[in-house]
Amino acid sequence: SDGTLYTVEIANNQEATNDESSWYLVLTTQNGAHRTSAPVPGSLAGGAHSNPALGYDAESDTLFLFWQQAQNGRLSSRLLFASYQKDKWSEATTLDSVDWDLRRNLRIAVTRFIETGDVSGKHILVPQLTVHAVWWQETGMGEWARYAMLTIDRGVVKDIQLRSLPEFAGLTINRAPLRSMSPHEVL
């Protein structure tokens, strides 16, 4: 609402050691002619960081950043998110922490209302900021689409719900491996 534009890009650290990131994220903030750029702290702690996605909550003036961190020679990855509020970054939080899984194709969407019932049972919309994230996940047992719903209150993540998309059809990963389905059919 104040005209600030946020962008994030990937930068290469060609001289990275084992403790440093070979690819990290840089946030650029621009308002009118004033422009600043700085590395995202959570992307400096090793691995290769990529696939950034931004979400913004105007009510709390909070920017949310989601991204992927490749590890173990790109044989596994983690999905991370952090919030940026009042020129300060929160600690990076792992969205899904199973080791040795490979995650890719992260996409996010933001909704600002939820549907609930009032005292008379009538359906009404209530303000509620929610970030929805979907991605493709691979393990040695197969691959499937995953979903996370993050409930946000005043710029703080209050709850994270993780699901495999087949659960929405009443199936489990063991009963319905997606090896025979193409990603387009699932997503």
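This is a chat about strands, turns and a few single residues in a predicted model.

Visitor: Let's start with the open sheet. In what order do its four strands come?
Guide: The order is 9-10-11-12, and the pairing is antiparallel.

Visitor: Which strands stand at the edges?
Guide: Strand 9 (102–117) and strand 12 (156–164) do. Each has a single partner strand, so one side of each is left without a neighbour in the sheet.

Visitor: And by how much are neighbouring strands turned against each other?
Guide: On average by 25°, with direction ignored.

Visitor: How many bridges join strand 9 to strand 10?
Guide: There are 13, and the two strands run antiparallel. As an example to find on screen, Thr-116 has Ile-124 in strand 10 as its bridge partner.

Visitor: I clicked on Val-134. Where does it lie?
Guide: Val-134 is part of strand 10, which covers residues 123–139.

Visitor: Buried, partly exposed or exposed?
Guide: Val-134 is partly exposed, because its relative accessible area is 27%, and buried would need under 20%.

Visitor: What does Val-134 touch, leaving out residues up to four places away in sequence?
Guide: Val-134 touches Asn-105, Leu-106, Arg-107, Arg-146 and Tyr-147. You can also look at Ala-109: it is 25 residues from Val-134 along the chain, and their C-alpha atoms are separated by 8.9 Å.

Visitor: New topic: strand 6. Is it mostly covered or mostly open?
Guide: Strand 6 is mostly covered, with eight of its ten residues buried.

Visitor: Which strand pairs with strand 6 over ten bridges?
Guide: That is strand 5 (residues 62–71), in the antiparallel sense. Here Leu-65 stands opposite Ala-82 of strand 6.
Guide: Strand 8 (residues 93–96) also pairs with strand 6, antiparallel and over three bridges; one of the matches is Leu-79 with Asp-96 in strand 8.

Visitor: What about strand 7 and strand 6, what do they form?
Guide: They form a hairpin with two residues between them. The two strands pair in the antiparallel sense over two bridges, and Tyr-84 has Trp-89 in strand 7 as its bridge partner.

Visitor: What's the phi of Lys-86 in that turn?
Guide: Lys-86 has a positive phi of about 55°. Asp-87 lies in the loop between strand 6 (76–85) and strand 7 (88–89), and its phi is positive too, near 65°, though Asp-87 is not a glycine.

Visitor: Why does Asp-87 count as exposed?
Guide: Because its relative accessibility is 66%, and exposed means over 50%.

Visitor: Last one: which strand holds Asn-51?
Guide: Asn-51 lies in strand 4 (residues 47–57). Asn-51 has a positive phi of about 55° although it is not a glycine, and it is partly exposed at 35% relative accessible area.

Technical notes:
Residues are numbered from 1 along each chain as its sequence is written. This is a predicted model: local features need pLDDT of at least 70, side-chain atom pairs count only at pLDDT 80 or more; totals for chains, interfaces and linings use all residues. Side-chain values use heavy atoms; hydrogens and water are left out. Buried means under 20% relative accessible area, exposed over 50%, partly exposed in between (1.4 Å probe, protein chains only). Contact means heavy atoms within 4.5 Å. Two strands pair if DSSP finds at least two bridges between them. Axes are lines fitted to C-alpha atoms, for helices over the stretch in contact, and angles run from 0 to 180 degrees between N-to-C directions.
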